[in-house]
Amino acid sequence: MPGTFNIPVLGTIAAGEPIPLPQEGFSPVGYESIALTRDIVGSPEGIFALRVHGDSMIDALIHDGDLVIMRHQPYVENGEMAAVWLTDDNETTLKRFYLEDGQVRLQPANPAYKPRFVPADRVRVHGKVVAVIRQVD
């Protein structure tokens, strides 16, 4: 179909307690892909998807099993949703990102979860959420 492109679904991202980063890292080889149109994300440059596991982002309308469409970038603005790597624990999580006085507050969007505070030099942003895809059964 004209105007569509395929993006890789690189794995799972935790929306709850962080999960260990896969030993093989994120690589599009051997993973499923999905087709998107340019009107959803604009340029396909740096776009990938992750499947959400958990419910810490439900008030941001991201549910367990959804696909988050990410733009690979090493930074986000305060309040944006990001896939982050917690380097000391080698774990990843999906949260709202806030840089505050040399630390990062990873803020869930579910009152059942508390924010997590991590020294800024121990957090790496892997991408920003640009869209969410939910399959309705």
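Reader: Which residue in S10 is the bridge partner of Arg71?
Author: In this predicted model, the bridge partner of Arg71 lies in S10, the strand at residues 123–133. S5 and S10 pair in the antiparallel sense over five bridges. The partner of Arg71 is Lys128.

Reader: How many helices and strands does the protein chain have, and in what pattern do they follow along the sequence?
Author: The protein chain contains one helix and ten strands. Read along the sequence, the pattern is β-β-β-α-β-β-β-β-β-β-β.

Reader: What share of the contacts with a separation of 6 or more is between residues 24 or more positions apart?
Author: One strand pair that joins separate parts of the chain is S1 with S4, in the parallel sense. Among contacts in the protein chain with a separation of 6 or more, the share of residues 24 or more positions apart is 64%.

Reader: In which sense does S1 pair with S4, and in which sense with S3?
Author: Four bridges link S1 and S4, and Thr12 stands opposite Arg51 in S4. Five bridges join S1 to S3 (residues 33–37), where Asn6 stands opposite Ala35. The sense is parallel for S1 with S4 and antiparallel for S1 with S3.

Reader: Which residue in S4 is the bridge partner of Ile13?
Author: S1 spans 4–14 and S4 spans 47–53. The two pair in the parallel sense. For Ile13, the bridge partner in S4 is Val52.

Reader: Which residues in S5 are the bridge partners of Arg51 and Ala49?
Author: S4 and S5 pair in the antiparallel sense over five bridges. Arg51 has Leu67 as its bridge partner, and the bridge partner of Ala49 is also in S5. The two partners, for Arg51 and Ala49 in that order, are Leu67 and Ile69.

Reader: Is S4 largely enclosed or open, and how many of its residues are buried?
Author: S4 is bridged to S1 and to S5. S4 is largely enclosed by the rest of the structure, because its buried residues, those under 20% relative accessible area, number five of the seven.

Reader: How many residues of S1 and of S5 are buried?
Author: Both strands are described as mostly covered. For the protein chain, buried residues make up 42% of the 137 residues. The buried count is eight of eleven in S1 and four of five in S5.

Reader: Which residues touch the most other members of the largest nonpolar core, and which strand gives the most to it?
Author: This core has 16 residues, and Leu50, Met57, Val68 and Leu94 touch the most other members. The elements that give two or more residues are S1, S4, S5 and S6 (81–86). With three residues, the strand that gives the most is S4.

Reader: How many residues form the second, separate core?
Author: Members of this core include Phe5, Val9, Ile34 and Ile47. In soluble globular proteins, nonpolar side chains tend to be buried together. The number of residues in the second core is eleven.

Reader: Which residues does Leu94 touch, not counting residues up to four places away in sequence?
Author: Leu94 is a member of the largest nonpolar core. The residues that Leu94 touches beyond that sequence limit are Ile13, Ala14, Ala15, Val52, Ser56, Met57, Ile62, Val68, Ala82, Ala83 and Val129.

Reader: Where are Leu61 and Asn90 found, and what is phi for each?
Author: Most residues other than glycine have a negative phi. Leu61, in the loop between S4 and S5, is exposed at 58% relative accessible area. Asn90, in the loop between S6 and S7 (91–100), counts as partly exposed at 32% relative accessibility. Phi is positive in both, about 65° for Leu61 and near 50° for Asn90.

Reader: How far apart in space are Ala112 and Asp55, C-alpha to C-alpha?
Author: Ala112 is found in the loop between S8 (103–107) and S9 (116–119), and it is exposed, with a relative accessible area of 66%. Ala112 and Asp55 are 57 residues apart in sequence. In space, their C-alpha atoms are apart by 9.3 Å.

Reader: Over the ring of which residue does the charged end of Arg105 sit?
Author: The structure holds zero aromatic pairs. The charged end of Arg105 is 4.1 Å from the centre of a ring, within the 6 Å cut-off for such a placement. That ring belongs to Tyr98.

Terms used
Residues are numbered from 1 along each chain as its sequence is written. This is a predicted model: local features need pLDDT of at least 70, side-chain atom pairs count only at pLDDT 80 or more; totals for chains, interfaces and linings use all residues. Side-chain values use heavy atoms; hydrogens and water are left out. A nonpolar core is a set of buried Ala, Val, Leu, Ile, Met, Phe, Trp, Tyr and Cys residues joined through side-chain atoms within 4.5 Å. Buried means under 20% relative accessible area, exposed over 50%, partly exposed in between (1.4 Å probe, protein chains only). Contact means heavy atoms within 4.5 Å. Two strands pair if DSSP finds at least two bridges between them. Rings of Phe, Tyr and Trp (its six-membered ring) pair if their centres lie within 6.5 Å; planes under 30 degrees apart count as stacked, over 60 as edge-to-face and the rest as tilted. A charge sits over a ring if NZ of Lys or CZ of Arg is within 6 Å of the ring centre and within 35 degrees of the ring normal.
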